[in-house]
Amino acid sequence: MLLDELAFALTAAAAQMATSLDNFAVLLALLLTVGKGRAIAGYLLSQALMLSVALGFALGADHSMPGGLAGYLGLIPLAIGLRGLVRMLTRQPGAADVQLSSRAGVLGVAALFLALSFDSLAVMAPLLADSHSGYRPWAFGGAAGAVAGLAGAAAMTAKVAGPIGAWAARIDRIGPFVMIAAGIYVLLNSGTDLQ
């Protein structure tokens, strides 16, 4: 039913957006330092690579994991989310200071975003691996749409963003909760899971 596919695409988009809020804050800063073209191109390249690796992981899991075991991959984002929550509760997180030369190229920017995208990979790979192959294009499309939406939103708001340090740290606090929710979703049996 098309409604199921659309709902799954929106779920994947929401997971991608929520785990990319740190990327969004850094992208805003880079738009002001390295320029729009290199910042956006580096961000899009890194996210295309991350989503491709997640999809490759899912396809590999099809061949190497028997039927119901892919659902246990939800333990990965669940554990990362719980670890992040413990860290958040025991320490005062500070705003990350982006140190990238204004002459950095697209590959340098992409490398920075890849380093920041582990949480997105840790959510998308199990989500895709535990999904029936008919739902994967919808999830991939939803996540890709979220990436494009975040890039567009960052480009439009870069001039009015102001100092991002204060609110970037606050935005990043929802990350552990998203990781926990994604892990629980993958662990639960749903209509999108492998049969």
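Colleague: Leaving aside neighbours within four places in sequence, which residues is F113 in contact with?

Modeller: Contact here means heavy atoms within 4.5 Å. With neighbours within four places in sequence left aside, F113 is in contact with N23, V26, L27, L30, A39, G42, Y43, S46 and Q47. Before we go on: this is a predicted model, where local features need pLDDT of at least 70, side-chain atom pairs count only at pLDDT 80 or more, and totals for chains, interfaces and linings use all residues. Residues are numbered from 1 along each chain as its sequence is written, and side-chain values use heavy atoms, leaving out hydrogens and water.

Colleague: Good to know. How many helices and strands does the chain have?

Modeller: Elements are DSSP runs numbered from the N terminus, helices being H or I with at least four residues and strands E with at least two. This chain has nine helices and zero strands. Read from the N terminus, its elements therefore run α-α-α-α-α-α-α-α-α.

Colleague: At what angle do the axes of α2 and α5 cross?

Modeller: Axes are lines fitted to C-alpha atoms, for helices over the stretch in contact, and angles between N-to-C directions run from 0 to 180 degrees. Helix α2 (residues 21-33) and helix α5 (residues 106-116) have axes that come within 10 Å and cross at roughly 155 degrees. That is why α2 and α5 are described as roughly antiparallel to each other. (Under 35 degrees is roughly parallel, over 145 roughly antiparallel, 65 to 115 roughly perpendicular and the rest oblique.)

Colleague: And which residues of α2 and α5 make the contact?

Modeller: On the α2 side they are D22, N23, V26, L27 and L30, and on the α5 side V109, L112, F113 and L116. These residues divide into seven nonpolar, one polar and one charged. For that split, Ala, Val, Leu, Ile, Met, Phe, Trp, Tyr, Cys and Pro are nonpolar, Asp, Glu, Lys and Arg charged, and the others, Gly among them, polar.

Colleague: Let me try α7. Which residues of α2 meet α7?

Modeller: F24, L27, L28 and L31 of α2 do, and their partners in α7 are L150, A151, A153, A154, A155 and T157. This contact divides into nine nonpolar, one polar and no charged residues. The axes of α2 and α7 come within 9 Å and cross at roughly 45 degrees, so the two helices are oblique to each other.

Colleague: How far apart are the axes of α1 and α7?

Modeller: They are 7 Å apart, and α1 and α7 pack at an angle of about 45 degrees, so α1 and α7 are oblique to each other. From α1, the residues L2, E5, L6, F8, A9, A12, A13, Q16 and M17 meet W138, A139, G142, A143, A146, V147 and L150 of α7. The tally for this contact is 13 nonpolar, two polar and one charged.

Colleague: Q16 catches my eye. Is Q16 buried or exposed?

Modeller: Buried means under 20% relative accessible area, exposed over 50%, and partly exposed in between, with a 1.4 Å probe and protein chains only. Q16 sits in helix α1 and is buried, with a relative accessible area of 0%. Not counting neighbours within four places in sequence, Q16 is in contact with Q47, M50, L51, S120, M124, A143, A146 and V147. A15, also found in helix α1, counts as buried at 12% relative accessibility. The C-alpha atoms of A15 and A143 are separated by 7.7 Å, although these residues are 128 apart along the chain.

Colleague: What about L45: which residues does L45 touch beyond those up to four places away in sequence?

Modeller: L45 touches V106, L107 and A110. L45 belongs to helix α3 and is partly exposed, with a relative accessible area of 33%. Its C-alpha atom is separated by 8.4 Å from that of L107, 62 residues apart along the chain.

Colleague: Now the interior. How many residues has the largest nonpolar core?

Modeller: In soluble globular proteins, nonpolar side chains tend to be buried together. A nonpolar core is a set of buried Ala, Val, Leu, Ile, Met, Phe, Trp, Tyr and Cys residues joined through side-chain atoms within 4.5 Å. The largest one here has 33 residues, and those with the most contacts inside it are L27, L30, L31, Y43, F113 and M124. Elements giving two or more residues to this core are α1 (2-19), α2, α3 (36-64), α5, α6 (118-129) and α7 (136-157). The largest share, eight residues, comes from α3.

Colleague: And for the whole chain, what percentage of residues count as buried?

Modeller: Of its 195 residues, 43% count as buried. Among contacts with a separation of 6 or more, 91% are between residues 24 or more positions apart.
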